[in-house]
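User: Please take a close look at the place where the two chains meet. Then work outward from there into each partner.

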Amino acid sequence: MDTSSLLDTVASVALVDRGRVQPGTALADLGWDSLTDVSLIVELEVGRGLLVQPADLAACRTVDDVLAVVRAAGPTVDAAP
Amino acid sequence: MTVPAPVHARLAALSSYLPEAVLTDDDLVAQHPGWDVARAAASTGVHARHVAAPGEWTSHLAAAAVRRLLAEHDLDPASVDALIVCTQSPDLVLPATACLVQERAGLGSHVAALDVSLGCSGWVYGLALARGLVETGQAERVVLVTADALTRLVNPGDPQLRVLFGDAATAALVTGGADGPRFLGATFGTDGRGVRHLLAVNGGLAPGEERAPGSSPEARGLTPSGRDVHMDGPEVFAFTLRTVPGALATCLRRAGLTVDDVDLFVFHQANEVMLESLRRRIGLPREKFVVDLATTGNTASSSVPLALQAAVRAGRAGPGDRVALVGFGIGYSWAAVVVRL
């Protein structure tokens with residue numbers, strides 16, 4: 001996933017204009033909260049089959065941090081037998 | 001010597017009780033100015049929640065549901081010989097809420113009564129226990145109750161959880177007389193590593209903060225109310241997406257069924273976004289998938305029976321149909337079974 005596409009996704013889940021989202025943007029300035037984390041998890045896991053760790057997302061402070069977490073995400077696997 | 005025919009349990013009747021008072025989105029907007037209620041309501045799909053009145057406790061909700069079950073289905077209270085109450089908001093630390101409900105609902109003293117302390121997976125577990133009592137001949141007519149005054153466990157200053165949760169009770173009758181197996185593919189699971197992500201931090205004997213650092217009301221900038229639930233939404237969401245599809249697949253495999261063989265899927269009504277995410281992830285058709293929490297909220301162990309009752313009343317399922325019931329959440333705990341109505 002290229003950076004531009006990732007920034008589109010970040011803007012989409014944060015419900016803000018794409019122009020407000022740059023790699024160095026602070027998540028707090030986008031009104032980012034736990035609901036936004038949920039939206040991103042859904043977009044990545046259901047939409048793209050990527051597994052992200054919620055604790056890693058919770059530690060993010062900037063858009064760059066989010067991009068790093070997404071780039072490190074592996075394919076989703078089911079946990080239950 | 002004649003070998004007796006095996007007893008097959010069935011879900012014979014289902015009733016519910018919702019407290020009269022309703023907390024609307026407008027009420028929450030008024031009580032939490034500056035907080036985006038509309039966004040949270042849109043995300044959860046919840047726009048109204050029933051709330052237990054002052055002085056109305058879990059045993060009152062439970063007994064009301066039992067009385068409705070007896071009245072709506074013309075059942076003799078004396079014919080009930082076991083009572084299972086699933087709750088995580090008991091009136092008292094001890095004794096079991098089932099003892100209070102037995103007395104309040106006017107059931108006989110011959111009744112076996114016990115509590116099950118489970119949340120969103122609780123009804124599916126309770127069905128398994130009720131079925132076990134019936135099919136082993138230890139009881140003939142089991143009343144399975146789910147009841148929670150969950151809103152009492154939510155900090156008044158926590159609008160995210162106030163949006164989500166509602167109070168409710170249901171009562172079901174499980175008895176014998178089925179012509180064959182009616183509970184198929186029962187599947188259960190537990191992962192205690194999830195305790196720290198969804199728990200009542202205080203109000204118990206041990207400090208929940210030790211299991212879940214940062215979850216106390218003080219750490220979240222709230223004034224403690226004595227019984228404060230903490231939920232890490234993203235963690236619980238991720239657990240659900242990773243666990244429920246596999247649990248359902250196992251249940252169907254054990255039952256020898258496919259998605260096409262099931263007439264209706266009733267999952268724990270956690271929140272609308274979660275349900276839609278699970279539906280897409282598993283690939284279930286929308287017309288077979290129940291989403292019904294807009295006016296009740298997330299009612300923990302009552303959500304599956306409430307949604308099933310509404311679906312049956314709406315004609316979405318009826319006698320002979322196969323319905324997949326899936327509960328998942330606090331614990332983490334999960335359970336799935338296909339019930340033939």
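Analyst: The model is predicted. Start with the contact between the chains. On one side, 16 residues of chain A take part; on the other, 21 residues of chain B. Two elements of chain A give two or more residues each to this side: α2 (34-47) and α3 (54-58). The top contributor is α2(A), with eight residues. Sorted by class, chain A's side holds 11 nonpolar residues, two polar ones and three charged ones.

One residue deserves a closer view. A:T76 sits in the segment after β2 (74-75) of chain A. Is A:T76 buried, exposed or partly exposed? A:T76 has 19 C-beta neighbours inside 10 Å, so it counts as partly exposed. A buried residue would need 20 or more. Setting aside neighbours within four places in sequence, A:T76 contacts A:E45, A:G49, A:L50 and A:L51 within its own chain, and B:R242 in the other. The link to A:E45 spans 31 residues along the chain, yet the two C-alpha atoms are separated by 6.5 Å.

Now chain A as a whole. Chain A has four helices and two strands. Along the sequence they follow the pattern α-α-β-α-α-β. The radius of gyration is 12 Å, close to the 12 Å that the globule rule gives for 81 residues, so chain A is as compact as a globular protein of that length. Its C-alpha atoms fill a box of roughly 45 × 25 × 20 Å along the principal axes. Of the 81 residues, 31% count as buried. Long-range contacts are well represented: among contacts in chain A with a separation of 6 or more, 51% join residues 24 or more positions apart.

Next, the partner. Chain B is divided into domain 1 (10-175) and domain 2 (183-340). Their centres, taken over C-alpha atoms, are separated by 15 Å. Between them, 43 residues of domain 1 are in contact with 45 residues of domain 2. On the domain 1 side, the elements of chain B that each supply at least two residues are β1 (10-17), α2 (37-44), β3 (48-51), α5, β6 (141-148), α6 (159-164) and β7 (168-175). Of these, α5(B) gives the most, with seven residues. By class, the domain 1 side has 23 nonpolar, 15 polar and five charged residues.

Two of those contributors, β6(B) and β7(B), are also strand partners. They run antiparallel and are joined by eight bridges. Within this pair, B:R141 stands opposite B:T175 in β7(B). A further partner of β6(B) is β4 (82-86) of chain B, paired in the parallel sense over five bridges. There, B:I84 stands opposite B:L144 in β6(B).

How many residues of β6(B) are buried? Eight of its eight residues are, so the strand is mostly covered by the 20-neighbour cut-off. Its side chains split into two sets. B:R141, B:V143, B:V145 and B:A147 point one way. B:V142, B:L144, B:T146 and B:D148 point the other way, and the residues of both sets are buried.

Domain 2 brings us to another sheet of chain B. This open sheet has four strands in the order β8-β13-β12-β11, with mixed pairing. The edge strands are β8 (183-190) and β11 (264-267), each pairing on one side only. Neighbouring strands are turned by 10° against each other on average, direction ignored.

At one edge, β8(B) runs antiparallel to β13 (residues 333-340) of chain B, and six bridges join the two. In that pairing, B:T190 stands opposite B:S333 in β13(B).

Two helices meet this sheet. The first is α5 (residues 122-135) of chain B, already met as the top contributor on the domain 1 side. Helix α5(B) lies across β8, β12 (322-329) and β13 of chain B, at about 60° to β13(B). The second is α9 (residues 303-313) of chain B, which packs on the sheet and touches β11 and β12 of chain B. The direction of α9(B) makes about 150° with that of β11(B).

To return to the starting point: α2(A) leads chain A's side of the contact between chains. Inside chain B, α5(B) leads the domain 1 side of the contact between domains.

Conventions:
Residues are numbered from 1 along each chain as its sequence is written. Chains are lettered from A and ligands numbered from 1 in the order in which they are written. This is a predicted model: local features need pLDDT of at least 70, side-chain atom pairs count only at pLDDT 80 or more; totals for chains, interfaces and linings use all residues. Two residues are in contact if their C-beta atoms, placed from the backbone, lie within 7 Å. Ala, Val, Leu, Ile, Met, Phe, Trp, Tyr, Cys and Pro count as nonpolar, Asp, Glu, Lys and Arg as charged, and the others, Gly among them, as polar. A residue is buried if 20 or more other C-beta atoms lie within 10 Å of its own, exposed if 12 or fewer, and partly exposed in between; C-beta atoms are placed from the backbone. Two strands pair if DSSP finds at least two bridges between them. Axes are lines fitted to C-alpha atoms, for helices over the stretch in contact, and angles run from 0 to 180 degrees between N-to-C directions. Domain bounds come from an automatic or database domain assignment. The radius of gyration is taken over C-alpha atoms; the globule rule is 2.2 Å times the number of residues to the power 0.38.
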